[in-house]
Amino acid sequence: PGGFIKRSRDGMSWMACTNDFVREKIGQSLRDGLHGRYKSSTKAKKRRCKELKLKLSSNLETIVKSRQYVSDAMKFLSRKVEIEQPANDDDFHKIFLQANNCLLQSIKSDTTILPEYTSLCSNK
């Protein structure tokens, strides 16, 4: 009489919910409804997480693009495509992979990226 129920694990019957379970679900529902004003709501947490990921991604992109070897790799790729004029996607893909591998090796060996990234993230 007047309680909350949920499906049993087997999905065949219904069972009464405990007070703790009901309190937790109602609290979460209220937080989600007030997501604009309540920092622990699921929507607010997802929004903050998305904003943080965008900021971190932007910071890393800024640092990587500022490297001379990135600019050189882009120029190399452009020249190679102009010179070889790949006839199909497979040929272009091979050229791109070659440039990408060179770039990846340069980034891996660049010991200044992590400290610069850490500094940039802590300053914003």
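A residue is taken as exposed when its relative accessible area is over 50% and as buried when that area is under 20%, with partly exposed residues in between. In the predicted model described here, Leu-30 has a relative accessibility of 54% and therefore counts as exposed. This leucine belongs to helix 1, which spans residues 19–33, and together with Phe-4 and Ile-26 it makes a nonpolar surface patch of about 310 Å².

Charged side chains were examined next. Six salt bridges are found in a search of the whole structure, and among them are two pairs within helix 2, the helix that covers residues 42–65. In one of these pairs, Arg-47 and Glu-51 are joined with their closest N and O atoms 3.8 Å apart, a distance that falls inside the limit of 4 Å applied to salt bridges. Because Glu-51 and Arg-47 are four residues apart in helix 2, about one helical turn separates them. Both partners have intermediate accessibility, since Glu-51 is partly exposed with a relative accessible area of 47% and Arg-47 is partly exposed with 39%.

In the other pair, Glu-61 forms a salt bridge with Lys-65, and here the closest N and O atoms are 2.8 Å apart. Glu-61 and Lys-65 are likewise four residues apart in helix 2, so that they too are separated by about one helical turn. The accessibility classes of these two residues are not alike, as Glu-61 is partly exposed at 41% relative accessible area, whereas Lys-65 is exposed at 57%.

A further salt bridge is formed by Arg-67 and Asp-110, whose closest N and O atoms are 2.8 Å apart. This pair links distant parts of the chain, 43 residues apart, with Arg-67 in the loop between helix 2 and helix 3 (68–84) and Asp-110 in the loop between helix 4 (89–109) and helix 5 (113–123). With a relative accessibility of 10%, Arg-67 counts as buried, and Asp-110, at 16%, is also classed as buried. The two residues do not form an isolated pair, for Arg-67, Asp-110 and Glu-116 are linked in a network of salt bridges.

The cysteines were considered last. A disulfide requires a pair of cysteine sulfur atoms within 2.5 Å, and by this rule the count comes to zero. Cys-17 is buried, its relative accessible area being 15%, while Cys-102, at 47% relative accessibility, is partly exposed.

How values were computed:
Residues numbered from 1 in each chain as written. Predicted model: local features only at pLDDT ≥ 70, side-chain atom pairs only at ≥ 80, totals over all residues. Heavy atoms only, no water. Buried < 20%, exposed > 50% of the residue type's maximum accessible area, 1.4 Å probe, protein only. Patch = residues over 30% accessible without salt bridge, like charges linked within 9 Å, V, L, I, M, F, W, Y side chains within 5 Å. Areas by Shrake-Rupley, 256 points an atom, 1.4 Å probe, with all protein chains shown as cover.
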